Amino acid sequence: MAEKLIIAQSAEEAVKAKTSENVYIAGGTEAMRLGTSVDCDSYVSVRKVPAMHQVRTSDNNISIGAACTFQELLDSEDVPEYLKEALCFMASRTRRNMATIGGNIATCRNDSFLVPTLLAAGAEVCLMDESGETKSIGLESYIAGRSQYKDALIVSILIPRIAAVKSARSANTAQSHARLTAALGVKDGRYYAVAAIKNYGLVKFGTLMTRLSQGGLSEDEIVELFKNDAKIALTDDRLYGGAAYRKYLLGITFAQMYEELKG
Ligand SMILES: Cc1cc2nc3c(=O)[nH]c(=O)nc-3n(C[C@H](O)[C@H](O)[C@H](O)COP(=O)(O)OP(=O)(O)OC[C@H]3O[C@@H](n4cnc5c(N)ncnc54)[C@H](O)[C@@H]3O)c2cc1C
């Protein structure tokens, strides 16, 4: 239960209200859920900040306000299909009406709905610090330096309007947690392969990226590559499957996305 709630009307107001004693809140679907990792009961809500609900397009890019909900983005004609594919991974419409893209990035769970797709698209995040200064950095850098940016407000997310990106999610049912959420992107012949693996982490597959960028690989070769990659140190998981199965799943998932991208 919230002990203290500040409702910001602008991003500047939100960063001013942020202290070491409170956290930002947007949709609240992660922060308020049972067993949440967000250990705080004082919040600065950015849900009502109008500028953070805007979707703006330019020639090549689209800028998405961080407080846009999954459903707002699915309903927007400007949002590219490659992102809508991942937005649909959140099967509950009730939750899609609340959960935001900024909250999903900041949470960055190891079954994240959107982070693999956004990484494969080369997304950038626009951050605002406590003095109201903004700067844009690559999503990959944001994730790598999350402890450094823990008090920064994600104001918006910049993605290309047109990009060759495929996403895939593997779960028992649409409402179950994913054992795997993966995305493959290609730009100027260079591939980017990344997956969120439940109870393991977010992994970028450098060897696969190099091999795909060098030339074609068959489905069997991709499956073998994952099977023999000792750096992917998965262990057997009672809920999400054995290590060998999950490596096979990674291989087959990337092989399918590769086929679709080539097509
Ligand atoms: C039943 C259930 C199942 C779920 N399954 C999944 C799942 O499979 N995969 C998954 O990824 N998520 C899952 N979630 C979590 C959640 O629904 C999503 O991650 C959602 O996108 C979080 O967005 P939000 O706006 O609700 O975030 P909030 O709950 O409002 O905030 C979450 C965190 O993000 C921070 N934050 C929010 N907005 C910003 C911002 N603009 N700038 C900086 N920090 C910010 C908050 O401080 C907080 O730490 C699940 C939740 C529930 C209840």
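Throughout these legends, helices (H or I, at least four residues) and strands (E, at least two) are DSSP runs, numbered from the N terminus. Keep in mind that this is a predicted model.

**View A. Two loop residues with positive phi.** N199 sits in the loop that links strand 11 to strand 12 (201-204). This residue isn't a glycine, yet its phi is positive, at about 60 degrees. How buried or exposed is N199? It counts as partly exposed, because 14 other C-beta atoms lie within 10 Å. D188 is another non-glycine residue with a positive phi, here near 50 degrees. Look for D188 in the loop between strand 10 and strand 11 (190-197). D188 is exposed, since just 5 C-beta neighbours fall inside 10 Å and the cut-off for exposed is 12 or fewer.

**View B. The hairpin of strand 9 and strand 10.** Strand 9 (residues 164-171) and strand 10 (residues 178-187) run antiparallel and are joined by 8 bridges. Together the two strands make a hairpin, with 6 residues between them. If you want a handle on the register, start from A168, which stands opposite A182 in strand 10.

**View C. Helix 9 and its two sides.** Which residues of helix 9 (residues 219-227) are buried? They are I222, V223, L225 and F226. Down the helix axis these buried residues fit within an arc of 155 degrees, so they line one face of helix 9. As background, an α-helix has 3.6 residues a turn, so residues three or four places apart point the same way. Flip to the other side of helix 9 and you'll find D220 and E221, both exposed. The cover over the buried residues of helix 9 includes helix 8 (206-214) and helix 10 (243-262).

**View D. Where the two domains touch.** The protein splits into domain 1 (4-160) and domain 2 (168-262). Their C-alpha centres are 25 Å apart. At the contact, 15 residues of domain 1 meet 21 residues of domain 2. On the domain 1 side, helix 6 (residues 115-120) supplies the largest share, 5 residues. By residue class, that side of domain 1 comes out as 9 nonpolar, 5 polar and 1 charged.

**View E. The shell around the ligand.** There are 30 residues around the ligand, and G27, G102, G103, N104 and A106 come nearest. Strand 2 (23-25), helix 5 (101-107) and strand 8 (153-160) are the elements that give two or more residues to this shell. Which element gives the most? That's helix 5, with 5 residues. Sort the shell by residue class and you get 15 nonpolar, 10 polar and 5 charged.

**View F. A67 and its surroundings.** A67 belongs to the loop between strand 5 (61-65) and helix 2 (70-75). Is A67 buried or exposed? A67 is buried, because 28 other C-beta atoms lie within 10 Å and 20 or more is the cut-off. Setting aside neighbours within four places in sequence, the contacts of A67 are A26, V46, R47, V49, M52, H53, T100 and G102. G102 also turns up among the residues that come nearest to the ligand. For a sense of scale, A67 and G122 are 55 residues apart in sequence, and their C-alpha atoms are 20 Å apart in space.

Terms used
Residues are numbered from 1 along each chain as its sequence is written. This is a predicted model: local features need pLDDT of at least 70, side-chain atom pairs count only at pLDDT 80 or more; totals for chains, interfaces and linings use all residues. A residue is near a molecule or strand if its C-beta atom, placed from the backbone, lies within 6 Å of it. Ala, Val, Leu, Ile, Met, Phe, Trp, Tyr, Cys and Pro count as nonpolar, Asp, Glu, Lys and Arg as charged, and the others, Gly among them, as polar. Domain bounds come from an automatic or database domain assignment. Two residues are in contact if their C-beta atoms, placed from the backbone, lie within 7 Å. The arc is that of the directions from the helix axis to the C-beta atoms. Two strands pair if DSSP finds at least two bridges between them.
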